[in-house]
Each structure stands twice: as structure tokens, then as C-alpha cells.
Amino acid sequence: MNQHIADTAVGHSADTQAPAPVAIQLRNVSRVFESSDRSLVTALDDVSLKIRHREFLSIIGPSGCGKSTILRLLAGLLPATTGDVEIFGLKVTEPRDDIGFVFQRPTLLPWLSIFDNITFPVRHTTGRVDARTKERGQALLQMIGLAEFADKRPNELSGGMQQRVAIARSLLQDPDILLMDEPFSALDALTRDELSMELLRILAERPKTVVFVTHAIQEALLLSDRIAIMSPRPGRILDVIDVPFDRPRGLDTMLNPAFNELANAIRAMVFLREKVGA
Ligand code: ADP
Ligand code: MG
């Protein structure tokens with residue numbers, strides 16, 4: 001991998017040549033779990049990764065390779081067994097509430113209205129929803145195109161709509177860092193593409209540092225500045241590749257022949273462990 005390019009040419013929102021500051025750093029991180037039969041499972045082995053401010057990095061790899069574990073380490077939901085996890089230069093030692101997290105399932109509270117679900121993080125931490133949060137909740141509802149569903153309950157919405165609500169909720173406190181764990185994988189292909197485009201639009205408006213876990217190579221190519229490819233157990237980073245396509249990206253980006261070539265190269269890497277570009 002061309003380390004020089006990987007270290008300098010990232011962070012699509014940077015408007016100067018100087019590289020954006022490092023937002024997230026994993027340094028020689030390993031994570032070992034004890035399984036129910038007491039045997040030890042090395043979920044992550046010597047993972048090092050640097051993610052720049054406002055960079056969009058996707059992680060691709062087979063099921064069980066430790067993708068979710070990386071996100072949980074970053075969110076402070078889980079400690080590393082060895083190595084360091086740093087966010088903006090500070091060691092992560094506890095759960096952080098300044099990070100947005102979107103899971104595979106929308107995880108909405110079924111008894112709360114859509115509006116109350118979106119504003120829930122503030123209600124949960126402060127016990128109330130102030131005027132500013134209300135305003136922001138309304139703006140987010142508008143942004144995801146669900147303003148008229150404010151008073152509905154989650155089960156009155158489709159899966160795609162519910163996932164939009166979960167994304168809006170993760171953006172409530174305008175976090176600098178957004179962690180997304182296969183957020184679109186439970187959705188049908190069309191809704192998936194639609195939500196990918198929506199995410200691009202949201203990020204163009206309010207740039208963020210995003211770590212996005214997916215199985216879908218095309219989705220990763222459409223969204224990312226770089227893609228980290230992982231090997232199965234023990235989870236290691238095989239390669240990190242730059243995604244060269246100009247922004248703004250759209251469905252026409254996917255029609256570029258180079259898009260499919262890169263998708264095939266990544267597929268070969270994931271399934272056959274061949275080096276991209278080798
Ligand atoms: P992925 O998200 O890539 O599918 P995970 O990060 O969820 O993978 O899991 C990586 C490995 O760690 C798997 O083998 C999984 O069984 C194991 N693992 C994850 N969490 C735990 C846990 N809390 N206890 C025991 N093993 C775990
Ligand atoms: Mg997972």
C-alpha cells in the first residue's frame with residue numbers, strides 16, 4: 001500500500017494541502033475475548049489505523065473479523081486488551097457521549113414518538129428537552145424527510161424510515177465522530193442506495209469523521225475516502241486503499257468503469273486475499 005498517499009491525501013473536506021489533524025488512532029490494538037467455553041478468542045490482532053478529521057473510512061471484512069469490536073473500542077464501550085485507542089489525542093477510557101453511533105437495527109424505543117426518539121439522547125442525559133434541542137430535532141426530521149411523522153410510533157414506519165430516524169438521532173448533538181455498524185444492511189437494495197445518497201448529502205452539509213462498517217463493497221466505494229480491508233480471525237488490517245473518485249459523488253460515480261474495476265479488486269482482496277493493484 002502506498003503509505004505516503006494514505007497519510008496525506010485524506011479528509012475530503014480539507015480545503016488546503018495540509019493534511020487534516022488525526023481524529024482517531026488505533027495503535028497496535030488487540031482484543032481477546034473469553035468465550036463461553038472459557039477458550040480465548042483473539043478478535044483483533046495488532047490493529048493500527050489512523051483516521052483524519054472529517055475523513056470517511058469504511059471497514060470491510062468477513063463476518064466475525066472484529067469490525068464491530070473496533071467500533072466498540074472507539075466508542076469506549078469496550079477496553080482494548082493491549083495497545084492504545086485515542087480520539088483527538090486522548091486515550092479512550094470510558095464511553096463517550098460526543099460520538100454518534102448507528103447500529104444495524106434502528107434500536108428505537110417503541111413507546112416513544114419519532115420526535116421523542118430523535119431527541120432521546122438529550123432527554124436521557126439531562127432529563128429534559130430544551131428549546132434548542134426541540135428546534136434541532138425538528139430540523140433533523142425535516143432533513144430526513146419525515147417531518148409529518150413526528151408524532152407517529154416507530155412501528156408505523158418502514159425499516160428504511162426507522163433507520164433514517166436512528167441516523168437523525170445519532171446527529172442530534174452534532175457529534176464530530178460518527179460510528180456506523182452496517183447501518184443499511186437490513187434494508188432492501190433500493191432503500192440502501194437511497195440512504196447512502198442521503199448520508200452523502202448530510203455529510204456534505206455537516207462534515208464529520210465517519211467510521212463505517214459494511215459488507216457492501218459498492219456502498220463503501222461510493223461513500224468513503226479510504227477503505228480498510230480486514231482478514232478473518234484473528235482480525236487484522238490487510239490493506240487500506242484510497243478511493244479516488246471526485247466528490248460530490250452520485251449514482252453516476254458507480255457508472256464509471258474505474259468504479260467497477262476497483263470494486264473487483266477489493267472483492268478479490270476480501271475473498272482471495274490478493275493485493276489491490278498488485
Ligand atoms: P464482526 O463485527 O466483524 O462480525 P465482531 O467484532 O462482532 O465481528 O466479533 C469478532 C470476534 O470476537 C468474533 O469471533 C466474536 O465471536 C468475538 N466476540 C465479539 N464480542 C464478544 C464477546 N463479548 N464475548 C466473546 N466473544 C466475542
Ligand atoms: Mg459486526
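Q: What counts as a polar contact here?
A: Happily, the rule is short, and we can apply it to this predicted model. The cut-off for a polar contact, a pair of N or O atoms, is within 3.5 Å.

Q: How far is the polar side-chain atom of T69 from an oxygen atom of ligand 1?
A: A polar contact asks for a pair of N or O atoms within 3.5 Å. The side chain of T69 supplies a polar atom, and ligand 1 supplies an oxygen atom, at a distance of 2.5 Å.

Q: Which part of K67, backbone or side chain, lies 2.9 Å from an oxygen atom of ligand 1?
A: Let's take S68 for comparison: an N or O atom of its side chain is 2.8 Å from an oxygen atom of ligand 1. For K67, the N or O atom that lies 2.9 Å from a ligand 1 oxygen belongs to the backbone.

Q: Which element gives the largest share of the shell around ligand 1?
A: Three elements, β1 (22–34), β2 (40–52) and α2 (67–74), each bring at least two residues to this shell. Among the residues that come nearest to the ligand are K67, S68 and T69. With four residues, the largest share comes from α2.

Q: Why is α2 described as largely enclosed by the rest of the structure?
A: Buried means under 20% relative accessible area. The residues of α2 that meet this are K67, T69, I70, L71, L73 and L74. The helix is largely enclosed because the buried residues number six of eight.

Q: Which residue with a positive phi follows α2?
A: The helix α2 runs over 67–74. After it comes a residue whose phi is near 75 degrees, and that residue is G76.

Methods
Residues numbered from 1 in each chain as written. Chains lettered and ligands numbered in written order. Predicted model: local features only at pLDDT ≥ 70, side-chain atom pairs only at ≥ 80, totals over all residues. Heavy atoms only, no water. Near = heavy atom within 4 Å. Polar contact = N/O pair within 3.5 Å; in protein donor to acceptor, adjacent residues only side chain to side chain. Buried < 20%, exposed > 50% of the residue type's maximum accessible area, 1.4 Å probe, protein only.
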